[in-house]
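Got your viewer open? Load the model, switch on the cartoon view, and let's go for a walk.

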Amino acid sequence: MSDLVVIGAGGHAKVVVATARAAGFDVVAVLDDDGSRRGRAILGARVEGTTAELGRWPDALALLAIGSNRVRKELAARLPARWATLVHPSAVVHESVRIGEGTVVFAGAVIQPDTVLGAHVIVNTAASIDHDCQVGDFAHVAPGSHLAGGVSLGEGAFLGIGAKVIPGRRVGSWATVGAGGVVIRDIGEGCVAVGVPARERGPV
Ligand code: JB2
């Protein structure tokens, strides 16, 4: 059993702790830079301090359990950690799929052959990613979202809950697709797209 330090003590961390335990990790500490959270617990795992204290667990792997794609990017660049990769045992991930460090795949997700997931990606509950997709670092595919084959998500892209992307389309870096949106045309870098079909509302 590997030791894991979970960074972040909010709602996303709760699911990360549950996933980590299901995947056989021992969650030895939770850290949060909001000092007021010290002493609280996430599913029984104590908030021991801030990320400045990461060195207290030199042999543990770590996982950024913060929903904000930009905050995960900032912390990944700054913190001297060895990152875990978590896959819930109920997820179906083809053996050809490549998964970057720090990435989490939650319960019920399905990932099909030859898809590549970058680093610190979130594949949330019951999302599906079909064959030959490319998912950039720090992207987040929210619960119940579906990517058809050959879709590409840029770095930090966010697909809201229940969003869908038809085959071969690209969602640009740091773009957002609103909940339930259906992407049938490429979405530009940094754009917000909403609706069915999803239409761009311009940069954030
Ligand atoms: O700038 C920051 C920062 N901003 C927020 N730097 C650092 N180091 N940490 C930051 N945080 C941390 O993110 C907070 O201290 C806290 O630990 C966490 C925010 O918690 P919250 O419960 O608000 O959100 P979350 O990121 O855990 O979960 C969101 O994203 C998930 C994917 C929620 O929307 C969930 O419902 C969602 N499932």
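Start by selecting Pro-89, which sits in the loop between β6 (86-87) and β7 (92-93); helices (H or I, at least four residues) and strands (E, at least two) are DSSP runs, numbered from the N terminus. This is a predicted model, where local features need pLDDT of at least 70 and side-chain atom pairs count only at pLDDT 80 or more, while totals for chains, interfaces and linings use all residues. Residues are numbered from 1 along each chain as its sequence is written, and side-chain values use heavy atoms, leaving out hydrogens and water.

Is Pro-89 buried or exposed? Pro-89 counts as exposed because its relative accessible area is 53% (buried means under 20%, exposed over 50%, partly exposed in between, with a 1.4 Å probe and protein chains only). Now add Ala-22 to your selection: its C-alpha atom is 6.7 Å from that of Pro-89, though the two are 67 residues apart along the chain. Leaving aside residues up to four places away in sequence, Pro-89 touches Ala-22 and Ala-23 (contact means heavy atoms within 4.5 Å).

Next stop: Thr-51, in the loop between β4 (45-49) and β5 (61-64). Thr-51 counts as buried because its relative accessibility is 7%. Show its neighbours too: beyond four places in sequence, Thr-51 touches Ile-7, Leu-31, Asp-33, Arg-78 and Leu-79.

Follow the chain into β5 and turn on side chains. Leu-61 and Leu-63 point one way, Ala-62 and Leu-64 the other, and all are buried. In a regular strand, side chains alternate between the two faces of the sheet. Strand β1 (residues 3-7) runs parallel to β5, joined by four bridges (two strands pair if DSSP finds at least two bridges between them). Pick Leu-4 and you'll find it opposite Leu-61 in β5.

Last, select the ligand. Which residues come nearest? Of the 14 around the ligand, they are Gly-11, His-12, Asp-32, Asp-33 and Gly-67 (near means a heavy atom within 4 Å). Zoom in on Asp-33, the neighbour of Thr-51: one of its polar side-chain atoms lies 2.7 Å from a ligand nitrogen atom. Then try Gly-11, where a backbone N or O atom is 2.9 Å from a ligand oxygen atom. For Ala-9, a backbone N or O atom lies 3.0 Å from a ligand oxygen atom. Finally, colour α1 (11-22) and α2 (69-78), the elements that give two or more residues to the shell around the ligand.

Methods:
A polar contact is a pair of N or O atoms within 3.5 Å; within protein, one must be able to donate a hydrogen and the other to accept it, and residues adjacent in sequence count only if both atoms are side-chain atoms.
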